[in-house]
Amino acid sequence: MATPQSEIDAATVVGRRRRTARGAVINSAFLVGLGTINLLKSFIVVGIVSAAEFGVWSIVVLAVYLVIAIKAVAVADKYVQQREPDQEAAFQRAFTLELGAALIATLAMAVLAPVLALVYGDASLLAPALVIALVLPGLALQSPIWIFYRRLDFLHQRLLMAVDPLVGFVVTIALAAAGLGYWSLVIGMVAGAWSAGLAAIALCPYRLRLRFDRGSLREYLTFSWPLMLATGLGLMIAQLSVFFGNAAIGLAAAGSIGLAGTLSTYADRVDSVVTQTIYPVICRVTDRRDLLLEAFVKSNRLALMWAVPFGVGVTLFVSDLITYGIGEQWRDADLLLATIGLTAAVNHIGFNWNAFYRAVGNTRPVAIVTGLGLTTFLAVAVPGLYIDGLDGFAVGIAAMTAVSLAARWVYVRRLFPDLRFARHGARAIAPTIPAAAAVIAARLLEGGDRSGELALLELLLYIAVTLIATWFFERDLITEIGGYLRRERLDPGAAPAASPSLTS
């Protein structure tokens, strides 16, 4: 007797949830772990090089990130979304477009290098900016990683992606210890990109060949141009932050803004993990708004379990980080770093909304919201930098976060009219309240004396209370995810059999 369609659909949904839960764990382990390595690398290097040298690196790396990010969304997201019957041909067309985009991006970076040196009035920027352009061909060679991602083969995807940061960490620290200053970061980044690219080419499941047609180009451009614009505007904010920081205060201020950006990027790690995990899945269920809403709410709750405690923790312990960690040369940035912590926490409410708009093929709202953020940045943050230095800049960042959050939720409610924003936000903040209160109470009791050991004990207290409170508030979701993982271990063949359409 034939299996009813409703049972097949239910099995497919459960199979997708199992594979997504397993992927979230794999991605979390790799991305958070490797993100920690990158953060540790930055802290080790800032302890070796001067703030001015780190400022040079911040300028150069933000410039290449601008080019990388614009190029990345041109092909990768659309390749994951497509459902062509011949997947080998689909990859070959995407790979061809990616190589072409990499060539254009490399030339763009070569043109941008002397512009950076001219704009900042510092000839020392030219050489590292030209060398770091070599990262772009290396990243294009990593395209075969998309295949594993689209297949939900997260383990192979992450193993290949881990090559880049691990090689970069080893090379960077070795060269920094040898006294190469910002060149250690530049060479480490290039070495990591090419190592991962060569590994991906060696393990590519499909034959590599160039395959071009104009129809694919038009399709990719229609989908990608708003994402390219949004990415460019977003990274323009980062680049202009460093530029105006250097113009208003000096190169050390550019270094402080770069360090703040590093902390903000680290706060994004779990959201990036969850969003990247669910994106190929939600692309397959765009006709089911109930499943999309469930995926949005639960994925955001998972990310907020990390982002809110981390961001609030940065704010609570920023003074200790400077005193007992990175050094007093960063003291002027204490308010900026504290503000970045809070804004990173709040900004994660609905942070992955754009993945759902990408999945349904409507990418223009992403560009609109980012444009509003840039407008607020230019209207508030830049004048604040000239009026009150890094403290005024911090106020502007807070204003930009508020505007972006409000605009984001306009579009979220259009996609999910039944979502209750106030309840969603309160749930995200609730576990961190008792943890922050415990730390504040401990500081009131300790008096004026403070040591590194006491700061460490307070940090452990904060972590412990956060874990307990998170379990109390999010026990149902944690239990659900754990249940999917347990079933995956007991019946590892069930998910692929139940959901063959995931890799079609």
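## A tour from the whole chain to a small set of helices

Start with the whole chain in view: among its contacts with a separation of 6 or more, 84% are between residues 24 or more positions apart. Keep in mind as you look around that this is a predicted model.

Next, colour the chain by secondary structure. You will find 19 helices and 0 strands.

Now switch on the surface. The chain exposes about 21,300 Å², and carbon and sulfur atoms supply 68% of that area. What share of the residues counts as buried? Of the 504 residues, the answer is 53%.

Time to go inside. How many cavities of 30 Å³ or more does a search of the whole structure find? There are 2. Our stop is the second largest cavity, with a volume of about 50 Å³.

To find this cavity, select its lining residues:

- Arg301, Leu304, Met305 and Pro309 are among them.
- Arg427, Ala428 and Pro431 also belong to the lining.
- Thr470 and Glu474 complete the list.

Then show the elements that each give two or more residues to this lining: helix H12 (289–326), helix H16 (421–429) and helix H18 (452–490). Which of the elements provides the largest share of the lining? Select H12, since that helix gives 4 residues.

For a last step, colour the lining of the second largest cavity by residue class. You should see 5 nonpolar, 1 polar and 3 charged residues. Thr470 is the polar one, while Arg301, Arg427 and Glu474 are the charged ones.

Technical notes
Residues numbered from 1 in each chain as written. Predicted model: local features only at pLDDT ≥ 70, side-chain atom pairs only at ≥ 80, totals over all residues. Heavy atoms only, no water. 1 Å grid on protein atoms, 1.4 Å probe; cavity = no way out; pocket = protein on both sides within 12 Å on 5 of 7 lines; lining within 4 Å. Points joined across faces, edges and corners; volume = space filled by probe spheres on them. Buried < 20%, exposed > 50% of the residue type's maximum accessible area, 1.4 Å probe, protein only. Contact = heavy atoms within 4.5 Å. Areas by Shrake-Rupley, 256 points an atom, 1.4 Å probe, with all protein chains shown as cover.
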